[in-house]
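Colleague: I should like a close look at a single part of this model, taken strand by strand and set against the chain as a whole. Please give it as one connected account.

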Amino acid sequence: MHDVVRSFAEFMSKEESLVVQDQQHDGGSKISHVRHLSIGSTKSALEWDILQKHKSVRTLIINKRVNVQPSDSFGRLSTLRVLFIRGTDCDRLVDSICQLRHLRYLYFQDTNISRLPGDIHRMKFLQHILVQKCPQLDHLPSCITQLLHLRTLSMYGSHDNVLIPKGFGQLKNLRTLYGFRVHLDKNGGTGWCSLEEIGPLSQLRELSLHDLENVPASSSAGMAMVSSKEHLDYLELHWSSTGFMGLRGETNMQQQQRVVEEVIEVLSPPSSIRHLHMEGYFGSRLPNWMMVPATWVFKSLRHLRMDKLCCCTQLPDGLCQLPSLENLNIIDAPAIKSVGPEFQSPSCLAVGGGIDVTARSAVTFPNLTFLRLDGLCEWEEWEWEEQGEDATVDAMAMPALKELIIDSCKLTCLPPGLASSRRHALRQVHLYELSNLTYIENFPSVVELQVFDCPELRRISNLSKLQKIEILYCPNVEVLEGVPSLDSMEMEDGTMETVPEYVTTGSLWRSRILLACSGQYSVLLNCSA
């Protein structure tokens, strides 16, 4: 919002809006005019009685502890449309929520509520319910399935086993569903919702599914009809590997892996997906819909994050074919030891693999701007050769890459295909805890480089546009050259007692250098003086 627009909005609403913050106190003036009330940080907790004076308030936002007495209720705030409460104990108020007949938006975060009212179905106008980080909430009332106008239901960060009542599929107007947990029904009960009931929710735009390890078979997952939800553009798939890691016997582990591999195959997102997050998947291979040529259907996917792939031994070859992918995060994949050329260039696959020739010649990762590879702790090799001299920038893999983060692996060097003289978009490189890395060179467009805890690093060279560098806990660096544009340099090392020789060379005479030696003192060298 432009400052002028904001100022105009504040001017127009000043008679109707009140913010209580810091030392500002509600003196009770113009109480009848206040329609929007926000309680921020105050020196002491407010009393609920003070809030009840604002009988005409439509929006109430509480971000600070409020003292609630057993007799307090929402009875005097019957005109509320929006209720937002964070960081205060308000379980005593739950039973009176249904007095807010006009409420559209209900939000609780970091509170002690243990339930929602049993007559919540009477709130016919309620469209959004968000109960986040409320660990005492363990179930939803059965009558919530009668809120046919409900658009949003979020249970992020609440109890690990929030039970959702059977009949949930009646909420066909739901657009956003976060924190849906799949329960393992050990007692054969029928009172709680299963994954199949998501099937009729065809209007979903955002969906997060948790505890998918409890899905007994792919047939159950198929009835959720995730791939048929044509409006879905945000999807999270979560597994917990705790039970899997506790299994005894290789046969049991392999059987459990087969089940989760079959389940993920039928949880393929629709072609409309824009944001996909997978976490905790413990299958040994990723699904076929992440492989060539199946990924071509995901033309809208822009953000992909894969966390805690504890058993996957190979990255999928289809990601590079995603035409709109901008942001890729792969985090905690300890079983991966090598990344082959097919990751960034499926043209290296066998010709007989059923891949169209046109697809093989297409630019790979054409719009990827951010790449993070973190926690591939056994990763030792990245095969990616630089293309020939006649190759154009448009034919190069990841031509739009601007920022690269590699953390916690055993790479000895960065591949020639990445450190290419024709790579002009890459601006920032961050390398953390690469235990075997020995040199960094030939990044002509990088302007900012940060290296942390790379004990074998010896040489940094040929970064012609580098302006800022941080070398932290890399005690064996001996050469820093080919950096004519360097303007700022920061070094820190708990064992460094003298200024390294490469710092005092003539090539760094224009740099502003901050040295932190032995962790006890710092020295600022302004070499341009």
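Modeller: Two residues are in contact when heavy atoms of theirs lie within 4.5 Å. In this predicted model, residues 24 or more positions apart account for 52% of the contacts in the chain with a separation of 6 or more. The chain contains 28 strands and six helices. Of its 529 residues, 46% count as buried, and it exposes about 24600 Å², of which carbon and sulfur atoms supply 48%.

The part I have chosen for the close look is an open sheet of three strands, in the order E21-E23-E25 and with parallel pairing. The edges are formed by strand E21 (439-441) and strand E25 (479-481); each has a single partner strand, so one side of each is left without a neighbour in the sheet. On average, and with direction ignored, neighbouring strands of this sheet are turned by 0° against each other. Strands of a sheet pair through backbone hydrogen bonds, which may be arranged in parallel or antiparallel fashion.

Between E21 and strand E23 (residues 459-461), the parallel pairing extends over three bridges. One residue of this pairing deserves particular attention. Ser461 belongs to strand E23, and it is the bridge partner of Glu441. Its relative accessible area is 2%, and the cut-off for burial is under 20%, so Ser461 counts as buried. When neighbours within four places in sequence are left aside, Ser461 is in contact with Ile440, Glu441, Asn442 and Glu481. Glu441 therefore appears both as a bridge partner of Ser461 and among its contacts. Glu481, another of these contacts, falls within the residue range of edge strand E25.

For context, another stretch of parallel pairing in the chain may be set beside this sheet. Strand E12 (residues 234-238) is mostly covered, with five of its five residues buried. Tyr234, Glu236 and His238 point one way from E12, while Leu235 and Leu237 point the other way; all are buried. E12 runs parallel to strand E11 (residues 206-210), to which four bridges join it; Leu209 has Leu237 as its bridge partner in E12. Five bridges join E12 to strand E13 (residues 275-279), again in parallel, and here Leu235 stands opposite Leu276.

To return to the chosen part, E23 holds the middle place in the order E21-E23-E25, and its residue Ser461 is buried.

Notes:
Residues numbered from 1 in each chain as written. Predicted model: local features only at pLDDT ≥ 70, side-chain atom pairs only at ≥ 80, totals over all residues. Heavy atoms only, no water. Pairing = 2+ DSSP bridges. Helix = DSSP H or I, 4+ residues; strand = E, 2+ residues; numbered from the N terminus. Axes fitted to C-alpha atoms, helices over the stretch in contact; angles between N-to-C directions. Buried < 20%, exposed > 50% of the residue type's maximum accessible area, 1.4 Å probe, protein only. Areas by Shrake-Rupley, 256 points an atom, 1.4 Å probe, with all protein chains shown as cover.
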